[in-house]
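Here's a quick tour of the model in front of you. Keep the 3D view open and follow along.

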Amino acid sequence: MLNGVKILIGDDSILARKQLKDIILQYGTPTFLEASNGQETIDLYKKESPDIVFLDIVMPVKDGNAAIREIIEYDKDAEIVVVSSVGTQSQLKAAIEAGAKDFIQKPLKPESIHHIITSRFEGR
């Protein structure tokens, strides 16, 4: 299902990026792009035009919400899914207002990832 899909994961935790990749690999072999802060995420998005972005909120250099705003400014149709343990209503509201399409709570549950992947890529 995900063969040929480009996925950008922006998270300052190497472990969190690996966990997400391990779950996603059940659905095919996409191309993974990884960023460890908000600015790297923005730069990689502009360079690589991924199909979907999984993005943490709390990161160094630029936080996830700042990255969302910049990416949406660059590409209003960007598919951004926030993946964060920061589950406060204000943070989530800010992410959605900035242009995020969905939210997944950490710790990651495979069924949450399944929903995101199948709703966006089934039939590819």
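Let's start with what packs over helix α1: the cover on its buried residues includes β1 (6–10), β2 (31–35), β3 (52–55) and α5 (110–121). Contact here means heavy atoms within 4.5 Å, while helices (H or I, at least four residues) and strands (E, at least two) are DSSP runs, numbered from the N terminus. This is a predicted model, so local features need pLDDT of at least 70 and side-chain atom pairs count only at pLDDT 80 or more, while totals for chains, interfaces and linings use all residues. Residues are numbered from 1 along each chain as its sequence is written, and side-chain values use heavy atoms, with hydrogens and water left out.

**Helix α1 and its two sides**

- Which residues of α1 are buried? In this helix (residues 14–24) they are A16, R17, L20, I23 and I24; buried means under 20% relative accessible area, exposed over 50%, and partly exposed in between (1.4 Å probe, protein chains only).
- Looking down the axis of α1, you'd see those buried residues fall within an arc of 130 degrees, so they line one face of the helix. The arc is that of the directions from the helix axis to the C-beta atoms.
- As background, an α-helix has 3.6 residues a turn, so residues three or four places apart point the same way.
- Flip to the other side of α1 and you'll find I14 and L15 exposed.
- R17, in α1, is buried with a relative accessible area of 9%. Not counting residues up to four places away in sequence, R17 touches I9, D11, D12, E34, A35 and S36.

**The strands around β1**

- β1 is mostly covered, with four of its five residues buried.
- It's parallel pairing for β1 and β2, over five bridges, with K6 opposite T31 in β2. Two strands pair if DSSP finds at least two bridges between them.
- From β1 the chain crosses through α1 to β2, and this β-α-β crossover is right-handed. That label applies if, with the strands pointing away from the viewer, the path from the first strand over the helix to the second runs clockwise.
- β1 also pairs with β3 in the parallel sense, over four bridges, and I7 stands opposite I52 in β3.

**Rings and a charge**

- How many aromatic pairs turn up in a search of the whole structure? Just one.
- The rings of Y45 and Y74 have centres 6.2 Å apart and planes at 90 degrees, so the pair is edge-to-face. Rings of Phe, Tyr and Trp (its six-membered ring) pair if their centres lie within 6.5 Å; planes under 30 degrees apart count as stacked, over 60 as edge-to-face and the rest as tilted.
- This pair links distant parts of the chain: Y45 is in helix α2 (residues 38–48) and Y74 in helix α3 (residues 64–74), 29 residues apart.
- Y45 counts as buried at 4% relative accessibility, whereas Y74 is partly exposed at 44% relative accessible area.
- The charged end of K21 sits over the ring of F32, 5.8 Å from its centre. For that call, NZ of Lys or CZ of Arg has to be within 6 Å of the ring centre and within 35 degrees of the ring normal.

**Residues worth clicking on**

- T29 is in the loop between α1 and β2 and is exposed, with a relative accessible area of 55%. Leaving aside neighbours within four places in sequence, T29 is in contact with L2, N3 and G4.
- N65, in helix α3, is buried at 4% relative accessible area. Its contacts, leaving aside neighbours within four places in sequence, are I57, Q91, A94, A95 and A98.
- E79 is in the loop between α3 and β4 (80–84), partly exposed at 25% relative accessible area. E79 and K101 are 22 residues apart in sequence and 6.3 Å apart in space, C-alpha to C-alpha.

**Backbone oddities**

- Most residues other than glycine have a negative phi, and most peptide bonds are trans.
- A cis peptide bond joins K106 and P107, with omega about 0 degrees; P107 is in the loop between β5 (102–105) and α5.
- S49, in the loop between α2 and β3, has a positive phi near 45 degrees.
- V61, in the loop between β3 and α3, has a positive phi near 70 degrees and counts as exposed at 68% relative accessibility.
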